[in-house]
Amino acid sequence: MKRILTIVFLSVITALVASPLAAQNQQGDDDSMLPEIDPQDIEIRSQFKARFPGLRRQPILGFEPASRIYKVDPDRKPYIESQEEAVANLSVSELSRPNPPQYNPLYYSEEINAFARAGVGSFISPEVQFWGVTRPSDKSYIGGDLDFSSSDGHLENQASSFRFLTANGEFAAKVDDQTRLGFNLGLQNSFNSMYGLNSSLDVPDNPRKEYGGFNLGVEVERLKNGVEGWKVQASARYYQAELMGGELSGKTEEAVYSGLLVKQWAGSNPQETFSAKLGGTFGDYSTSLVADQWMTGHAGVVYDRLIGYETDLLVDASVYYGSDAFEDKVYFAPKVRIKQPLAEAFILTARAGAKPYVKTEEELHTANRFLTTFMNASRHTYQMYGAADVEIKITDVGSLNGGIRYEDISNHPIFERRELSPGSDDRLYYSVRYADITKAEIYAGASHQIVPERFWLNGKIYAQSVEDKDGDRIPFTEQYGLKSGFGLRLFSHATVEGWADYTGNRKNDQGQNMEDYLLVGGKLDVSITDNIGVYGKVVNLLDQEYQDWEGYTERPLQIFGGITLKL
C-alpha cells in the first residue's frame with residue numbers, strides 16, 4: 001500500500017513541475033526577441049564572434065533583447081575600389097608619366113572604309129589608286145591597296161610606253177586577348193620601253209623590259225601586357241625581269257626568303273624593355289651570265305629605356321654573318337639612338353651605327369628601270385653612319401628641323417652605262433658595279449599651318465657630297481635639292497595642293513654635267529557629294545625637258561582628270 005502511495009505522489013510532483021516548463025517554452029517560441037544561437041558561435045575562453053544575420057554585431061554578454069533590428073537593403077551595391085582610388089594608394093615611384101593631350105592636325109575628312117581615284121591624262125595615260133579596309137568581326141580586318149599607272153608613250157622618235165602595277169593585301173586577327181595573327185600578299189606586274197641605241201648590235205626599234213613578281217608573309221605576335229612577349233615573322237618573295245632587246249635580251253630571276261624571331265620583356269624601371277632577336281635572309285638569283293646565292297644571318301639584343309621621363313635611349317648590339325659569291329664575313333652592327341629634349345620645344349636626336357645588307361635584284365631594277373638583266377651579281381654592302389637632328393616646335397601646328405649626316409659605305413652599288421667594248425663609243429643599257437663611297441649631307445626643313453586646318457606649308461632643302469674613295473663624284477647624284485609643298489582648303493568641299501621639287505647639278509658616268517630641273521605640279525579635289533567627287537591634276541607644269549637616267553627623256557607637261565569615290 002505504501003509503495004502505491006509513493007508512486008502516485010511522485011507522479012503528481014512530476015506533472016506539477018513539467019506543466020510550467022512547457023508553458024514557458026511555448027511562450028518563448030511566440031514572444032521571445034532572442035535569436036537562436038548556433039553552438040558553433042560560442043567559443044569557450046575566447047572572444048565571442050556571433051553571426052546574427054540582420055543584427056548589429058555585439059557581445060553575447062549584456063545582450064539587449066529589445067535592440068533594433070536593421071534590415072539589409074536587397075538592392076545594395078558591393079564596395080568596389082575605383083581606378084582613381086587605387087592609383088591614389090600607389091607610391092609616386094610606381095606611377096608613369098601621364099601622356100600629353102593628343103593633337104591630330106589636318107583632320108578634314110570623315111572616317112571612311114574605302115577610297116578610289118580613277119582618271120586619265122594626256123598621251124593616253126590612265127591611272128587608278130585604291131585602298132580599302134573591312135572588318136569581318138570585331139577581332140579581325142582585311143585591307144588592301146592598288147596603284148596603277150600607264151601611258152601609250154610621249155616621245156615621237158622612240159617607244160616610251162609603260163605600265164606600273166602594284167597591289168597589296170593584308171589580313172589580321174586576334175586569336176585571343178594576347179595573340180595576333182597576320183598575313184600579307186603582294187603582286188607586281190609592270191613593263192617599260194627601253195631607250196633607243198646607236199649601236200652595231202641587232203637591237204629592235206622598240207626594246208622593252210617586263211618585270212614583276214609576288215610576295216607572301218606571315219606574322220604571329222603574342223604579348224601578355226602590351227610589352228612582354230614574342231613575335232615571329234616569315235616571308236618569301238619572287239621576282240623576274242626580262243629584257244627583250246635583240247642581242248641584248250636576257251632574263252633575271254630571284255627568290256628571297258627571310259625569318260625573324262624577337263623575344264621582348266620589361267625591365268625593372270618604367271618604360272624600360274629588353275629584346276633578343278634572331279633572324280636571317282637567304283637569296284637565290286640567276287641572270288643570263290651569273291647564277292649564285294647569298295645569305296645573311298644575325299643575332300643581337302636591344303635595350304630601350306626612357307630615362308628620367310626625358311631621355312629616350314636605344315642601344316642595339318647585333319652581330320651579322322654574310323656570305324655571297326665574293327666573300328664570307330662577320331659584321332658587327334651596333335646601333336645607338338639618343339633623343340633628348342633640351343628645352344620645352346627643342347629636341348635633339350643623335351644616331352650612330354653600322355649594318356650590312358644586300359640590294360636585291362628587285363631593289364636594283366626598281367631603282368633603275370633601264371638596268372640590264374645580266375652581269376648584276378648581288379653582294380653585301382656595309383654601311384657605317386652618324387647623324388644629329390634638331391627639331392624645334394614653334395607651336396602645336398608648326399615646327400623647324402635640321403641636321404647633318406655622314407656615311408661610310410663599303411661595296412655600294414653604282415649604276416653605269418655599259419660599253420660594247422673597252423674604249424668603244426657604243427654605250428648600251430645600265431649595269432651595276434660596286435665601290436666604296438662616303439656621303440655627307442646637311443639639311444633644313446619646316447612644316448607649318450599658316451591658318452590651322454586651312455592653309456599649310458612644308459619644305460626641305462639639302463646639300464650633299466657623294467664621292468668614292470678617290471674623290472670622284474658618284475654618277476647621277478645631285479649636290480643639292482629642294483622639296484616643297486602646300487595645301488589650301490578653299491571651303492569644306494574643295495582642296496588645292498601644290499608641289500615644287502628641284503634637283504641640282506649632276507654628272508653622268510663619263511663625268512659630264514647633266515642639267516638641273518624643277519618639277520612643279522598641282523591638284524584640285526572637289527567633293528560633289530559625301531561619296532563622290534572629281535579631281536584635276538597637272539604635272540611638270542613648266543614643261544621641263546629632263547632626264548633622270550641619261551638616254552631617256554621623261555614625260556613633259558601632262559594634265560589629268562577623273563573621279564573619286566569614298567565609302
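**Entry 1: terms and the whole chain**

I began by writing down that strands are DSSP runs of E with at least two residues, numbered from the N terminus, since I wanted to place residues by the strands around them. I also noted that what I am looking at is a predicted model. Looking up the elements of the protein chain, I found three helices and 24 strands. I then turned to burial, and of the 567 residues of the protein chain, 33% count as buried. For the surface I wrote down that the chain exposes about 34300 Å², with 56% of this supplied by carbon and sulfur atoms. Taking the contacts with a separation of 6 or more, I saw that 54% of them come from residues 24 or more positions apart.

**Entry 2: F476**

Where does F476 have its place? I located F476 in the loop between β17, which covers residues 455-468, and β18, which covers residues 480-491. I next asked myself whether F476 is buried or exposed. F476 is buried, because its relative accessible area is 9% and the cut-off for buried is under 20%. Its backbone was worth a separate note, as the phi of F476 is near 65 degrees, a positive value in a residue other than glycine. I reminded myself that most residues other than glycine have a negative phi.

**Entry 3: N540**

I looked up a second residue with a positive phi, N540, where the angle is near 55 degrees and the residue is again not a glycine. N540 lies in the loop between β23 (532-539) and β24 (558-566). With a relative accessibility of 5%, N540 counts as buried, so I recorded this loop residue as one that falls under the 20% limit.

**Entry 4: H298**

For a residue inside a strand I chose H298, which is found in β10, a strand made of residues 291-307. H298 is buried because its relative accessible area, 16%, is under the 20% cut-off. Which residues are in contact with H298, once its neighbours within four places in sequence are left aside? I listed L260, K277, L278, G279, G280, V319 and Y320 as those contacts.

**Entry 5: a charged patch**

Finally I went to the surface, where E515, D516, D543 and E545 form a negative patch. I followed one of these residues further, and E515 turned out to sit in the loop between β21 (513-514) and β22 (517-527). E515 is exposed, because its relative accessible area of 67% is over the 50% that the word requires.

Definitions and conventions: Residues are numbered from 1 along each chain as its sequence is written. This is a predicted model: local features need pLDDT of at least 70, side-chain atom pairs count only at pLDDT 80 or more; totals for chains, interfaces and linings use all residues. Side-chain values use heavy atoms; hydrogens and water are left out. Helices (H or I, at least four residues) and strands (E, at least two) are DSSP runs, numbered from the N terminus. Buried means under 20% relative accessible area, exposed over 50%, partly exposed in between (1.4 Å probe, protein chains only). Contact means heavy atoms within 4.5 Å. Patches are made of residues with over 30% relative accessible area and no salt bridge: like charges are joined within 9 Å, nonpolar side chains (Val, Leu, Ile, Met, Phe, Trp, Tyr) within 5 Å. Accessible areas come from the Shrake-Rupley method with a 1.4 Å probe; for residues, only the protein chains shown count as cover. A salt bridge is a side-chain nitrogen of Lys or Arg within 4 Å of a carboxyl oxygen of Asp or Glu. Lys and Arg count as positive and Asp and Glu as negative; His and the chain ends are not counted. The place of a charge is taken as NZ of Lys, CZ of Arg, CG of Asp or CD of Glu.
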